[in-house]
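Open the model in your viewer and keep the selection tool at hand. This tour goes from stop to stop and says what to select at each one.

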Amino acid sequence: MTVQGRLTTIEQFGNVIVKTNPQDGQLVYLKDVARLELGKFNYANNSFVDGKRAAYLLVYQAPGANALETYDNVLATMDQLKKQFPADLSYIVPFESASVVKVSIKEVVETLAEALLLVVVVVFLFLQNWRSTLIPVIAIPVSIIGTFTFFIPLGFTINTLTLFGFVLAIGIVVDDAIVVVEAVEHNMNERNMNVLDATLEAMREISAPVIAIALILAAVFVPVGFIPGITGRLYQQFAITIAISVLISAFVALSLTPALCVLLLKPTKRDESSTGLNKLFFKFNTWFERVTEKYGNGVASGIKHSRFVVIILVCIIAGAGLLFRGKPSGFLPTEDEGRIFITFNLPEGASTGRTVATLQEMMKELQHTKGIAHFAALGGLNAVNFSSKSNSGTIFCQLAPWEDREDKALQLQGLMASLQQRMARFKEATTVVISPPAIPGLGNTGGFSFIFQEREAGGDIQTFDANLQKFLGAIRKRPEIASGFSFFTASTPGYKLDIDREKAKKLGVSIADIGSALRTYLGSAYINDFTLYGRTFRVVAQADSSYRGDIANIGQYYVRNSAGGMVPLSTLTTYKRNETAPLISHYNLFRSAEINGNPAPGYSSGDAIKALQETAAQTMSQSYGYEFSGLSREELLAGGQTIYIFALSIVFVFLFLAALYESWSVPFSVLLAVPVGIFGAILALFFLPKLTNNVYAQIGMITLIGLSAKNAILIIEFAKERVDKGMPLVKATLEAVTLRLRPIIMTSLAFILGILPLVFASGAGAQSRQTLGWTVLGGMLAATGMGIFIVPVLYVIITRFAYGKEKLAEMEKNYKPDEEHGGPKKDDQAPEDTATKDGGAPAEGTVAPA
């Protein structure tokens, strides 16, 4: 036996019997007293795509999923489903966040290839034959590919941060192999050793510096990987990527590189009779020898006038501190991610019809706006606070591909300014054009997020709104803030309905029935479900629209009393006009309103946050307070962590050096080179106003700790070895600097040219790459240009203090020069108080004390 279940058609619902008259058998059907139609469940939201009516399908990436793989699979699934669509139905993807990931990775991969090419050119220029060049070049893919093998156990992904790490790693991992090859060639060509002996001797000399450099760079980056929170997550993959690649490159330099040297290298002689490239290389080498001689003389002069060098270093440290104070800070740069939001509010109480009409006019404007590829409009939604109101609307704009928007006016800031100006012609609408947050999920907008709070309960909502508007007025006067807005309002017109409870009791009407009637007529009431087209839909009852347009219609609403009679609601209720807030938010339990905005041109997000804090201190009473949310909150947390990150890296480097050299003086000599690199980095940022001291700049500065230490180690390691054997301190230092200048310049230049593609980046993610590139470029230029003069002087000063005159003199008495260092015989040396090195370099006794 089967019976009919759910009703499925309008006719069947219309024939539902709602009343019978037993006396005459008359029936009252639902269609007699109601209008029935198939319609939308919610008429408040109206969706469009590129000006046409549309239905949205929102797809969110699951935690841990691959963004690009998810995007490609969604498109493949939709292409498959499209085959079943009616002829007049299609689909489009008007708004997505996968393209920026895809393009950013493509841009960084191209940067990676350009960096590799530039590094190869530098290596070839200095090593001067393809055999020597091939060995360091082989080390690059071995180190990079080897690093990928650690991604799976570490849970890393190929993203912009890890690729940034690889871009910097190219210039770093090649260093170890360059040092080995350069040392082998020096032994072969200058000391006439065969390739095997030259390789063994080179490994004896440079194994310790290679290991030291690898450990120092790992010591810089590994601790950073354990920092908690979002800041730690940003540092982590970048830092660990470089640390692993550096350790692998050190292993390759100590194992594969010597073997390749024995197999590939041959002695080469270049003189005036050489032809072709060899003649050019001979001229280059002759020029570089003169530079090396002048450099040695400059270091000797610096040692002689060490007091002035120390003063210069102090000035550099003080200057870096002043530049840091003067440079605006930030968290993450606002990137052109190819997306823009346009959100507007009409006057409070505006109908859905007015909102849709305004939305359609705005869409017509966008159809004629160059740089906009697609747009998805939604009436009834405010994307800033995600409230649903009849007077709100939002348009999600997908911009044209980056290569089609090279004109500055078509890039993010230019388009936002242009659209803000275009939308200003809609006088009724309060419109804001905003960019998405740099990290999805941290707020709904770019710029700052400030939470205005009422800390003492029981306050009037109108008073809260008045204080909010007062604060907004104050921050708009600040030069640091370009715009500050809040969509909170307490002036939405409405009615306050009072129920006469005593009268309702006398007439036998339940208060619950009054509430149910009001809810059903003015709102809606869910009845049950029905099945159509194989899907389940809701049955909803409410008063017809013509009976909900005026508050006077309440007199036509009836409620049944206990006697079965119908009582009009107008006899039980009274009403009066009022203004109230349609949406009241709470943040950490306190009544709150969110204020969003952007810093003014020339100011950073850090400046804007400071301005907000100062304004709050000046204008807020004790009953009110504030907090930051989204990216602003993370920026404040990151600001407190930065100093600890740097301190942690410095401490680890110091401990590694102290353990490696069993000395406290060597770590100080190395680490005092770091301020020089940091000074160069902040100086570069200071003269580039569009870049801020943000997370990417701080990542670059942490990288500079290791790179500055690397150059210092190459000098100090060789000087210390000679001093410990008894060579006079100044002579050992001068010999070390002249001997290691070529590999220092070679490795530094390879790194500098390797990061040039970051410096001149464009397109998606360009701001992040430029910040990182300029930071490291400025730091390396300073560390190479000034550091190679300051480090030897500091080593001499600190070694004198650490060893003492008596110990140094005792060590010099036992010194026996040998040919491996090219040192002169003991009896050939001039007296220490008058002797000078080649070119007039002062001997130990002639140098002014520190």
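The stops below cover a sheet, a surface patch and several salt bridges in this predicted model.

**Stop 1: the sheet.** Select β4, β3, β6, β7, β5 and β8, in that order. These six strands form an open sheet, and their pairing is antiparallel. Which strands sit at the edges? They are β4 (52-53) and β8 (430-434), each paired on one side only.

Now keep β5 and β8. Strand β5 covers residues 339-345, and five bridges join it to β8. The two run antiparallel. Pick T343 and look across to β8: its bridge partner there is V432.

**Stop 2: the helix across the sheet.** Add α13, residues 352-367. This helix lies across β3 (46-49), β5, β6 (372-382), β7 (387-399) and β8. Line up your view with β7: α13 runs at about 15° to that strand.

**Stop 3: a nonpolar patch.** Switch on the surface and select L648, V651, F652, L655 and F656. Together they make a nonpolar surface patch of about 410 Å². V651 belongs to helix α19, residues 630-661. Its relative accessible area is 44%, so V651 counts as partly exposed.

**Stop 4: a long span.** Select D72 in helix α3, residues 67-82. D72 is partly exposed, at 38% relative accessibility. Then add V670. The two residues are 598 apart in sequence, and their C-alpha atoms are 50 Å apart in space.

**Stop 5: salt bridges.** How many salt bridges are there? The count is 15. Start with E454 and R591, whose closest N and O atoms are 3.2 Å apart. This pair links distant parts of the chain: E454 is in strand β9 (residues 448-454) and R591 in strand β18 (residues 590-599), 137 residues apart. Both E454 and R591 are buried.

Next, select K496 and D498. Their side chains meet in a salt bridge, 3.1 Å from N to O. K496 is partly exposed at 39% relative accessible area, and D498 is partly exposed at 33%.

Move on to R722 and E735. Here the closest N and O atoms of the salt bridge are 2.9 Å apart. R722 lies in helix α22 (residues 695-724) and E735 in helix α23 (residues 729-759), so the pair ties together parts 13 residues apart in sequence. Are these two buried or exposed? R722 is buried, with a relative accessible area of 3%. E735 is buried too, at 14%.

Finish with R35, E37 and D544. Salt bridges with shared partners join these three into one network.

Definitions and conventions: Residues are numbered from 1 along each chain as its sequence is written. This is a predicted model: local features need pLDDT of at least 70, side-chain atom pairs count only at pLDDT 80 or more; totals for chains, interfaces and linings use all residues. Side-chain values use heavy atoms; hydrogens and water are left out. Two strands pair if DSSP finds at least two bridges between them. Helices (H or I, at least four residues) and strands (E, at least two) are DSSP runs, numbered from the N terminus. Contact means heavy atoms within 4.5 Å. Axes are lines fitted to C-alpha atoms, for helices over the stretch in contact, and angles run from 0 to 180 degrees between N-to-C directions. Patches are made of residues with over 30% relative accessible area and no salt bridge: like charges are joined within 9 Å, nonpolar side chains (Val, Leu, Ile, Met, Phe, Trp, Tyr) within 5 Å. Accessible areas come from the Shrake-Rupley method with a 1.4 Å probe; for residues, only the protein chains shown count as cover. A salt bridge is a side-chain nitrogen of Lys or Arg within 4 Å of a carboxyl oxygen of Asp or Glu. Buried means under 20% relative accessible area, exposed over 50%, partly exposed in between (1.4 Å probe, protein chains only).
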